[in-house]
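Please open the model in your viewer and keep the selection panel at hand, since each stop on this tour begins with something to select.

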Amino acid sequence: MANPRKNKAFNVRYMPGFTPVTMFCLIWLYAPLIIMMVYAFNSERSVTNMHGFSFRWFEQAAKNTQVQDATILSLQIALVATIIATIAATMAALATTRTKPFKGHAAVYAIINQPLMIPEIVTAVGTLVFFGLIKSATGIHGIGFLMMAHTVFCIPFAYMPIRARLENMDLTYEHAAADLYAPPMKRFWRVTFPLMFPGILAGAMLSFVISFDDVIINLLVAGAGETTLPIYMIGTLRRGLTPEVNAISTVLLGVTFIFVVGFFFLTTNKKK
Amino acid sequence: MSAETTLAHAHGAPLTGAEAEAATVKREVRNRWFLLSPAMLIICGIGIMPLAIIIGYSFMEQGNYAGVKWEFTLESWMNLITERDIFDDTLGWNHAHISIMLRSIGLALMTMVTTLIMGFPTAYFITTRPEGQRNFWLFLIALPFFSNLLVRTFSMMLMLRDDGYINNVLLFLGVIDEPMILIYTNTAVAIGLVFTYLPLMVMPLYASMEKLNFNLVEAGYDLYASRFQVLKRVILPSVKPGIIAGCILVFIPAIGAYVTAKILGGGKNLMIGNLIANQFGTSRDWPLGSAISLFMMIVVMIALIVYVRNSLAEQD
């Protein structure tokens, strides 16, 4: 009997069993999330038995003032952290790509990436103690502390795509502007900035998602009464689960999805 | 010649060559540090200060209520793995701490190996897709990583509960007669960790495999190598940097995992991250919490040094 494989050209890229493993990975990654989203539409008060289809838990979550307040607080933090981090990261990216290698180059990279190198829980307890000292010394309290803590870990995430964009950018336009006697500031705003803007936007979107989806810094650093979305959600886990948490989670996943899709479009398909 | 230099010549005062060059370099240095200053100030001021405080606190005495007394002591470092008997003041091993540390290191290593075994074929699968499709597959892997950790852990909790989906399906199929106890076990934490950190393994593996030269693979087959031999002798050595990067990227957050063990471990299957958080919460032993944090950082540093030495050896 002829082996059907024999007639086919030998595929050097094929490895037996690799495709099933990949499919298993994707199911592993997505099945819990998809099932959880399905139960957000449950008509009854159960997170494990599906009864009928309804939007009631979305409505209930939207009307819940605690959820509203927590969402607004989380959005405010993410927005402020993103703006500060993106400006700082853009400036740092300009300083590290448009100059010759300088003394301290490696140290600068290490400092920018420092927040990624240390386990988040260590950063969180350290920041908790540090802010505690400042708060008791100055008497200043408020949401600003949490915003600053978010800014720190957003900087490396904003920095990476901006730097990548600057490194891949064609220098011809900037040289042309310089040859035509454009002053440095004008050259930056009219030529460099528009060219690097997709990178800046990508960096901003990434840091927004990272801040909005952060859990550990929120749980440990937030002061009394600063109930952000993750803090509210972990509270509901303690109080007993209803599909309301599924509904909030579904919305959060939707927000993440939109931002990550945007990030991917901005950073890929641009290498012509 | 850079644009910066050209411009300086065009606008600067009529200087001699050497003077102009010096002025340009000076301006470039000033510009650079001006541009770097916001990021450096924020990270050094708010990112690195906490670490300095943690180092300091680990050598201080525990405060009466919380906080610290400003007196030097090595007690917290001793308390990492030993404890004094309440009655006769003898020194013995702190079995609770030792078991939590060993469990964390064990779970982190297990997560690393499992994600590698699952992630390697996945990265290879993505690499061998037509070029236009690769970004799509990569996006599918990356998306869960950027999702809210709490949401992901919560979804895994719904899977593993006694009345969760896994038990429901297995009961329905008749595979089991009564629900398996999955949640609040070490297994649940392990499953959650692999679920959380799998994308961090696939991404660097893919970055490394993308550069793989398939002519070498073909040459291997031409020389009558089997699939396994090609995998072992050609593919694995070329993607070694990606494997090491992936292992480090998974190991560092896995050993410090806090949310996963808190929700899926149910308070009894603690990891180092939970032990640290507890010292700053209910236990109110800040110096001990600081010492445990530093212990974990040392473990992470060792992992990083292994990584750097390996990548340096790779370059030679």
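The tour begins at the interface of the two chains and then moves to individual helices, loops and residues.

**The interface**

Bear in mind throughout that this is a predicted model. Start by selecting chain A and chain B together, where 72 residues of chain A are in contact with 77 residues of chain B. On the side of chain A that touches chain B, the largest share comes from helix α2 of chain A (residues 18–39), which supplies twelve residues. If you colour that side of chain A by residue class, you should find 55 nonpolar residues, 13 polar ones and four charged ones.

**A helix pair across the interface**

Next, select helix α4 of chain A, residues 65–97, and helix α2 of chain B, residues 17–57, whose axes are 8 Å apart and which pack at an angle of about 140°. How are α4(A) and α2(B) oriented to each other? An angle between 115 and 145 degrees falls outside both the roughly perpendicular and the roughly antiparallel ranges, and the two helices are therefore oblique to each other. The crossing in which α4(A) passes α2(B) is left-handed. To see the contact itself, show the side chains of A:Ile87, A:Ala88, A:Ala89, A:Met91, A:Ala92, A:Leu94 and A:Ala95 on α4(A), and those of B:Arg32, B:Leu35, B:Leu36, B:Pro38, B:Ala39 and B:Ile42 on α2(B). By class, the residues of this contact comprise twelve nonpolar and one charged, with no polar residue.

**A:Gln114 and B:Gly47**

Stay with helix α2 of chain B and select B:Gly47, which lies in it, together with A:Gln114, which lies in helix α5 of chain A (residues 105–117). Leaving aside residues up to four places away in sequence, A:Gln114 touches B:Ile43, B:Gly47 and B:Ile48, while B:Gly47, counted in the same way, touches A:Gln114, A:Pro115 and A:Val152. Are these two residues buried or exposed? A:Gln114 has 19 C-beta neighbours inside 10 Å and so counts as partly exposed, whereas B:Gly47 has 25 inside that radius and so counts as buried. Before leaving, add A:Pro156 to the selection: this residue is 42 residues from A:Gln114 in sequence, yet the two are 8.2 Å apart in space, C-alpha to C-alpha.

**Within chain B**

Now hide chain A and colour chain B by its domain assignment, which gives domain 1 as 3–57 and domain 2 as 94–315. The C-alpha centres of domain 1 and domain 2 of chain B lie 39 Å apart.

Select B:Gln62 next, in strand β1 of chain B (residues 60–62). B:Gln62 counts as buried because 21 C-beta neighbours lie inside 10 Å. Apart from neighbours within four places in sequence, B:Gln62 is in contact with B:Val68, B:Asp285 and B:Pro287. A distance label from B:Gln62 to B:Arg284 should read 8.5 Å, C-alpha to C-alpha, although 222 residues separate the two in sequence.

From there, go to B:Pro204, which is placed in helix α8 of chain B. B:Pro204 is buried, with 22 other C-beta atoms within 10 Å, and, not counting residues up to four places away in sequence, B:Pro204 touches B:Gly242, B:Ala245, B:Gly246 and B:Leu249. B:Ile243 is 39 residues from B:Pro204 in sequence and 7.5 Å from it in space, C-alpha to C-alpha.

Then select helices α9 (residues 214–222) and α10 (residues 227–238) of chain B, which pack at an angle of about 145° with their axes 10 Å apart. Their crossing is right-handed. Here B:Leu216, B:Val217, B:Gly220 and B:Tyr221 of α9(B) meet B:Val230, B:Arg233, B:Val234 and B:Ile235 of α10(B), a contact made of six nonpolar residues, one polar and one charged.

**Two tyrosines in loops**

Finish with backbone torsions, keeping in mind that most residues other than glycine have a negative phi. Bring chain A back and select A:Tyr181, where phi is near 65°, a positive value. A:Tyr181 lies in the loop between α8 (172–179) and α9 (184–212) of chain A, and counts as exposed because 11 C-beta neighbours lie inside 10 Å. In chain B, select B:Tyr184, where phi is likewise positive and near 65°. B:Tyr184 lies in the loop between α7 (165–173) and α8 (186–209) of chain B, and with 19 C-beta neighbours inside 10 Å counts as partly exposed.

Conventions: Residues are numbered from 1 along each chain as its sequence is written. Chains are lettered from A and ligands numbered from 1 in the order in which they are written. This is a predicted model: local features need pLDDT of at least 70, side-chain atom pairs count only at pLDDT 80 or more; totals for chains, interfaces and linings use all residues. Two residues are in contact if their C-beta atoms, placed from the backbone, lie within 7 Å. Helices (H or I, at least four residues) and strands (E, at least two) are DSSP runs, numbered from the N terminus. Ala, Val, Leu, Ile, Met, Phe, Trp, Tyr, Cys and Pro count as nonpolar, Asp, Glu, Lys and Arg as charged, and the others, Gly among them, as polar. Axes are lines fitted to C-alpha atoms, for helices over the stretch in contact, and angles run from 0 to 180 degrees between N-to-C directions. Angles under 35 degrees count as roughly parallel, over 145 as roughly antiparallel, 65 to 115 as roughly perpendicular and the rest as oblique. A crossing is left-handed if the near helix is turned anticlockwise from the far one by less than a right angle, and right-handed if clockwise. Domain bounds come from an automatic or database domain assignment. A residue is buried if 20 or more other C-beta atoms lie within 10 Å of its own, exposed if 12 or fewer, and partly exposed in between; C-beta atoms are placed from the backbone.
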